[in-house]
Each structure stands twice: as structure tokens, then as C-alpha cells.
Amino acid sequence: MRYCWLDSGHHLGAVAASAYIHNRDIQLIFDFDKLALNADLGFENKEFITACAISGEEEAKPIRRLRLKVPFVCGTDYFEANQFIEAGYQTTALQPSRQQQLVHLQFDFDKEKFLQTVLYRRSVRRFQKQSISQETYLHILQHLEQPIPTENFEKVEIYSVVHRVEGMLPGLYQGMHLIKAGNFSEKTGYLCINQAMSHDKPLRVYARDGTVTLFFVSDYINYQNAMQIAGFLGQRVYLISNYLGIHCSGIGAFYDDETQEFLETNQDVIYTMTIGIYIRNLREMARKKSYSNEDDSHPMQLTSADIILRQQLEYSISKYFYETCDRTIQNLLSNCRWYVTTHASVMILVIECPDQVTNWRILQKIVPMAGLLGQIVSNAKIRVCPPEGQGIPFEMRVDELSVYRDWA
Ligand SMILES: Cc1cc2nc3c(=O)[nH]c(=O)nc-3n(C[C@H](O)[C@H](O)[C@H](O)COP(=O)(O)O)c2cc1C
């Protein structure tokens, strides 16, 4: 259940990030008749409304009930009822939260960079034993203090266990206030159930190896809403960390009572996050540490960070390729679904044609397109796919242009 609410909060955080990019204010609403709306929308016991986000100007409008019942359409292949989740939802759906005055966000991110951060945000599970600057740490905390745009509020406080921040003693903090000094990385690793963030056993990289572990606590009235606010803040931590060039991962699994005891608080611990600098290349790190192990000869698993970098590269190449194409090719591409992807270190420009005519037109332009792509990446190919069931894809490598000289 914890994960359901936290995930919902993360979704709201993503909606708020999108609103920010589009210069819109947003308001989150948690206190409304969720059960009646579930019934009206025909969700049965299979989906639950958790919150509402509004953007735009409010207007007076007559409201009436739907004349017909909305039929239920299953959003998944199968459904497993869960009594615990259903009861937890029902119990917490209608409890009012604490109230506060609505205040909107005031971020001042570079919008283009922030957009890229949103597009490529990922979780990272392997952290280097490397410090982050105090400025980065404070930046993250400051952004967490920004208002949460809702009137239905549950206060969430944040404790940080600093493992490696330049100029700060390791220990348990609230903001910059040191509660107790000490190296607690073993302890926080244990509290987060010693989740191995990497399966590479010789390196033993655990959750505790982040540079800071954040614990979110609350003395909520409404558990459902407090958890969503924690998830909303969690999404903020993800985006701000990635924006500042560091990484993080949410951790929903921890020993509640022992964590509470460690933090010396009576409030409930509702979410944990670990932030730090990712390990890009495990094999390299293993070599540096002089590990010689048979695992080393296995093909390397891509980390989330590798995936982010690869996606960014693919995105930049497709953007640059599109910009260098002439108007005719750009128009043709706009009629297709197309993207750049990587397979076994070969970049592939995939063009999926909606109909045979477009397929034929694209094939007529494949030589100039290969010429342009070849100037950007030498080890690339173009794959032109006809509509599904109407033939097989045609592939051309950009370094075999001379074979197609006659087509040009
Ligand atoms: C609410 C929440 C709880 C999470 N808890 C854990 C966890 O306990 N252990 C873990 O390894 N990852 C955890 N994660 C990270 C997820 O595994 C990760 O978000 C997911 O694999 C999707 O990857 P992405 O964030 O890169 O899109 C959590 C993420 C969220 C949002």
C-alpha cells in the first residue's frame, strides 16, 4: 500500500514538473469524495482515484450527475484482488487532511535543461564512495522546502543521514542541524533492508553507499495524503538531483520501527531516498580495486545511468539529423514514426512508414538520408519498415553508400 500512494505522489510530481515546463500553475486536491467518483467512473474495486490536479482558471459551471453508468473496462490483462489495499484505501479515502493556504511553486530552473532532466530521469542503484558538495546538498534541501501547491496538506519532515558531503561531519541531520555525529552508513544500509543496489557481489554496493540517505517522516492525520505528498517530494528529489548532475533512488522498503528509533522521532517514517554519484562502469571499478573474478568476463549489464546517457545521445543524434535534412525529407519523416536506437553499438535510424506510398517515398530518399546520417555517425544504419504485414524492412548501412550510387 505504501508503494501505491508513493507512486501516486510521484505521478503528481511528474504532472507538476510538466506544468512548470509549460508555465502553468497547478493545484493538487486530495480531499474530495473519491469513493463517489470511483463509483461514477465505474472503476469497481480495480482502480482507485487517489488525487486530482487542476491547472487553469476556475469557472462557475452547472454540475449534474452522469445519465448513464460508465462501463468498466479492465486496464490490465488480469486482476488480483487485495483485501489489505482495498480496506486501506477505503479507510483513508475520505478522512480530511490538515489545511493550509495555497501557495504556488517558484522554481527558477533553466527550462530546456529541466525538460531534458524530466525526459531522462532514471533511478540509479550503484553509487560511488565519493562526496557531493555542500552546495548540491543544500540546493536539494532548499528545493524540498518550496511550497506544495495544495490546500489539503500533511507536513512531511526530512531527516538526512550524511555519509559523504564536503565540509560536513557524517551524521544524522535535520537540514544543517546535526542531531548526532557518526558514520551511519552500515546502519542505514541495514534499515533499508540491506538492499543490494548492484548484483555484482564482489563489489557489494548497497543502498548505504549513497552519499546521503533521506528519511521522510510525518505525523499525518490522513495517511493516504501524507504518503502522496512524500511521493510528490520524492519526485522533486529525483528531478533536482538529476538536474544537478547527481542521482538517486527511492526506497520504499525499510524497517519502520527501527528506523523511527534511530531517527529519535515519534513521527511515522514514510519514505526513504538515497542520493549520490552513480558508478558508471562497474568493470572499471572492479579493475581499479584489483578484483579478479570470473564475473568480470560476463557481458556488462547497462546501468540506469548508461541508459540515460545512451538515450540522450540517441535523442541528440535524431534532433541533429532532423535539423540537417531538407524540408522534403523532414515532411516525409513527420508522416512516419521514426527514432534512433542502438543495437550492439550500431546506431539504427528506424523509420516506420504508415502506408506503402510513404514507404516508397522514404526509400527514394534513403541515399541522401544515409549521407547525412553518415556524417554524424559512421557506424550507423537506416531501417525502413513498411506498414505491418505488408513486407519486410529494408536496411542500409551508411558506410555502404557507394553500392547505392545509382539510386541517388
Ligand atoms: C515509491 C518508490 C519506492 C521504491 N522503492 C525501491 C526499493 O525499495 N528498492 C529499490 O531497489 N528500488 C526502489 N525504487 C526504485 C524503483 O525500482 C525504480 O523507480 C523503478 O525501477 C523504475 O525505474 P526509474 O525510476 O529509472 O524509472 C522505488 C521507487 C519508487 C518510486
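In which sense do strand 11 and strand 12 pair, and over how many bridges? In this predicted model, strand 11 (residues 337-343) and strand 12 (residues 346-352) run in the antiparallel sense and are joined over seven bridges.

The two strands form a hairpin with two residues between them. Within that hairpin, Ala344 adopts a positive phi near 45 degrees. One of the bridges links Thr342 to its partner Met347 in strand 12.

Turning to the whole fold, the protein chain contains 13 helices and 14 strands. The chain has 408 residues, of which 34% are buried. Among its contacts with a separation of 6 or more, 75% are between residues 24 or more positions apart.

The ligand environment is described next. There are 15 residues around the ligand, and Leu6, Arg122, Ser123, Gly250 and Gly252 come nearest. Helix 1 (2-21) and strand 9 (247-251) each contribute at least two residues to the shell around the ligand. Helix 1 provides the largest share of this shell, with four residues. The composition of the shell by class is as follows.

| Class | Residues in the shell around the ligand |
|---|---|
| Nonpolar | four residues |
| Polar | eight residues |
| Charged | three residues |

In summary, the model combines a ligand shell to which helix 1 and strand 9 each supply at least two residues with an antiparallel pairing of strand 11 and strand 12.

Notes:
Residues numbered from 1 in each chain as written. Predicted model: local features only at pLDDT ≥ 70, side-chain atom pairs only at ≥ 80, totals over all residues. Near = placed C-beta within 6 Å. Nonpolar A, V, L, I, M, F, W, Y, C, P; charged D, E, K, R; others polar. Pairing = 2+ DSSP bridges. Buried ≥ 20, exposed ≤ 12 C-beta atoms within 10 Å, placed from the backbone. Contact = placed C-beta atoms within 7 Å.
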